[in-house]
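Colleague: I would like to go through this model with you, beginning with the helix packing and then turning to the sheet. Shall we start?

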Amino acid sequence: MTVPREQQRVFGEVAEAYDDVRPGYPAEILDLITAYAVRPPGSVVESGAGTGKGTALLRTLGTPLTCVEPDPAMAALLARRYDGDDLVTVAVSRFEDWTPPAGGVDLLASAQAWHWVDHTRRTRLAAEALAPGGVLAVFGHDFGFADDELRVAMDAVYHELAPEIADQPGRPVNTRHPGAFHPEELRGSPWFTDVEEQRVVTVVPYDTGRYLTLLSTFSPHRMLPEQQRSRLHGALADLIDERGGVVAQKLTTALWLARRLD
Ligand SMILES: C[S@@+](CC[C@H](N)C(=O)[O-])C[C@H]1O[C@@H](n2cnc3c(N)ncnc32)[C@H](O)[C@@H]1O
């Protein structure tokens with residue numbers, strides 16, 4: 001019997017490429033988190049740390065940081081990166097299966113990964129992981145385009161060759177994901193207060209080759225049959241090359257903050 005490939009486990013298939021091409025997070029995100037926190041966090045846990053794109057930011061806090069990451073290949077790359085760093089611990093686990101320390105942590109962060117945690121339980125699990133007054137910080141990029149004409153032309157290629165992902169070509173913060181995060185989950189919960197949303201915009205240029213590699217790290221692309229993905233990527237590459245060979249990726253990084261009630 002063939003076991004179906006799970007969408008949340010596809011990142012490890014391309015861990016090195018993921019680490020190479022996925023953008024990190026702007027320093028302003030950490031500034032916003034620390035400004036929001038009443039006290040400097042003394043302990044931090046990161047859910048879905050991957051290869052460490054969000055970890056790089058959180059590590060600058062200089063406090064003990066536990067990175068929870070279920071994919072063995074992603075976790076191995078992360079563990080190699082922080083080998084010998086006494087402040088960073090990697091726990092190879094789903095967040096749902098991880099046991100928080102007694103008393104909870106001061107900051108629970110998740111970069112581009114909260115949508116993978118069981119949406120029926122994650123708010124309660126977050127509350128259980130946090131100390132009273134602790135902060136939940138959920139952030140992630142929306143992968144938009146600085147050049148609207150290029151976006152329109154690319155959309156046409158998606159509609160022709162991969163209509164099933166046409167409205168989510170590389171936009172992990174998308175509302176169609178079954179686990180998509182909605183701030184109402186926190187606003188309506190008995191455990192959290194002071195829910196806030198912030199946005200930071202940056203533009204990152206990708207040449208054609210790197211852009212195609214970037215696309216190959218997005219789970220909707222990875223889940224396409226090989227032949228279809230190759231046709232789609234070939235057509236996108238031709239289009240980008242015709243228009244100068246660069247995609248100016250407009251990243252809108254959304255940050256949602258909430259405080260654990262005492
Ligand atoms: C899109 S990647 C984000 C990785 C990293 N935080 C970043 O910003 O690049 C999503 C990560 O969530 C992890 N993940 C999937 N299911 C998870 C779960 N139930 N609990 C924690 N992490 C999970 C995946 O293995 C993957 O590394």
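Modeller: Certainly. The axes of helix α8 (residues 208-215) and helix α10 (residues 226-242) come within 10 Å of each other and cross at roughly 150 degrees. Please keep in mind that this is a predicted model.

Colleague: Is the crossing of α8 and α10 left-handed or right-handed?

Modeller: The crossing in which α8 passes α10 is right-handed.

Colleague: Which residues make the contact?

Modeller: On the α8 side they are Thr208, Tyr211, Leu212 and Leu215, and α10 contributes His233, Leu236, Ala237, Ile240 and Asp241. By character, the residues of this contact comprise 6 nonpolar, 2 polar and 1 charged.

Colleague: Let us move to the sheet. How many strands form it, and in what order?

Modeller: The open sheet is formed by 7 strands with mixed pairing, in the order β3-β2-β1-β4-β5-β7-β6. Its edge strands are β3 (88-91) and β6 (192-207), each of which pairs on one side only. On average, and with direction ignored, neighbouring strands in this sheet are turned by 20 degrees against each other.

Colleague: In what sense do β4 and β5 pair, and over how many bridges?

Modeller: Strand β4 (residues 105-111) and strand β5 (residues 130-145) pair in the parallel sense, over 6 bridges. As one example, Val105 has Leu130 of β5 as its bridge partner. Another example is Leu108, which stands opposite Leu136 in β5.

Colleague: Which helices pack there?

Modeller: One of them is α5, which packs on the sheet and touches β4, β5, β6 and β7 (246-260); the direction of α5 makes about 130 degrees with that of β5. Helix α8 also packs on the sheet, where it touches β5, β6 and β7, and its direction makes about 145 degrees with that of β6.

Colleague: And on the other side of β4, what is the pairing with β1?

Modeller: Strand β1 (residues 44-47) pairs with β4 in the parallel sense over 3 bridges. Within that pair, Val45 stands opposite Leu108 in β4.

Colleague: Why is β4 described as largely enclosed?

Modeller: Strand β4 is largely enclosed by the rest of the structure because 7 of its 7 residues are buried.

Colleague: What about β7, how many of its residues are buried?

Modeller: For β7, 11 of the 15 residues are buried, so this strand too is largely enclosed by the rest of the structure. Strand β7 pairs with β5 in the antiparallel sense over 11 bridges, and the bridge partner of Val135 in β7 is Arg259. Strands β6 and β7 also run antiparallel, joined by 14 bridges; there, Glu196 has Leu257 of β7 as its bridge partner.

Colleague: A change of topic: where is Arg122 placed?

Modeller: Arg122 is in helix α5 (residues 122-129).

Colleague: Is that arginine, Arg122, buried or exposed?

Modeller: Arg122 counts as buried, because its relative accessibility is 0%, where the cut-off for buried is under 20%.

Colleague: What does the side chain of Arg122 reach?

Modeller: The side chain of Arg122 reaches the backbone oxygen of Ala180, at 3.2 Å. Beyond residues up to four places away in sequence, Arg122 touches Trp114, His115, Val117, Gly179, Ala180, Phe181 and Glu185.

Colleague: One further residue, then. Where does Pro26 lie?

Modeller: Pro26 lies in the loop between α1 (15-21) and α2 (27-36). This proline is buried because its relative accessibility is 11%.

Colleague: Which residues is Pro26 in contact with?

Modeller: Apart from neighbours within four places in sequence, Pro26 is in contact with Leu57, His141, Val200 and Thr253. Measuring from C-alpha to C-alpha, Pro26 and Phe218 are 20 Å apart in space, with a separation of 192 residues in sequence.

Colleague: You mentioned His141. Which strand is it in?

Modeller: His141 lies in strand β5. With a relative accessible area of 1%, His141 is buried.

Colleague: What lies 2.9 Å from a polar atom of the His141 side chain?

Modeller: That is the backbone oxygen of Gly24.

Colleague: Thank you, that covers my list.

Key:
Residues are numbered from 1 along each chain as its sequence is written. This is a predicted model: local features need pLDDT of at least 70, side-chain atom pairs count only at pLDDT 80 or more; totals for chains, interfaces and linings use all residues. Side-chain values use heavy atoms; hydrogens and water are left out. Axes are lines fitted to C-alpha atoms, for helices over the stretch in contact, and angles run from 0 to 180 degrees between N-to-C directions. Helices (H or I, at least four residues) and strands (E, at least two) are DSSP runs, numbered from the N terminus. A crossing is left-handed if the near helix is turned anticlockwise from the far one by less than a right angle, and right-handed if clockwise. Contact means heavy atoms within 4.5 Å. Ala, Val, Leu, Ile, Met, Phe, Trp, Tyr, Cys and Pro count as nonpolar, Asp, Glu, Lys and Arg as charged, and the others, Gly among them, as polar. Buried means under 20% relative accessible area, exposed over 50%, partly exposed in between (1.4 Å probe, protein chains only). A polar contact is a pair of N or O atoms within 3.5 Å; within protein, one must be able to donate a hydrogen and the other to accept it, and residues adjacent in sequence count only if both atoms are side-chain atoms. Two strands pair if DSSP finds at least two bridges between them.
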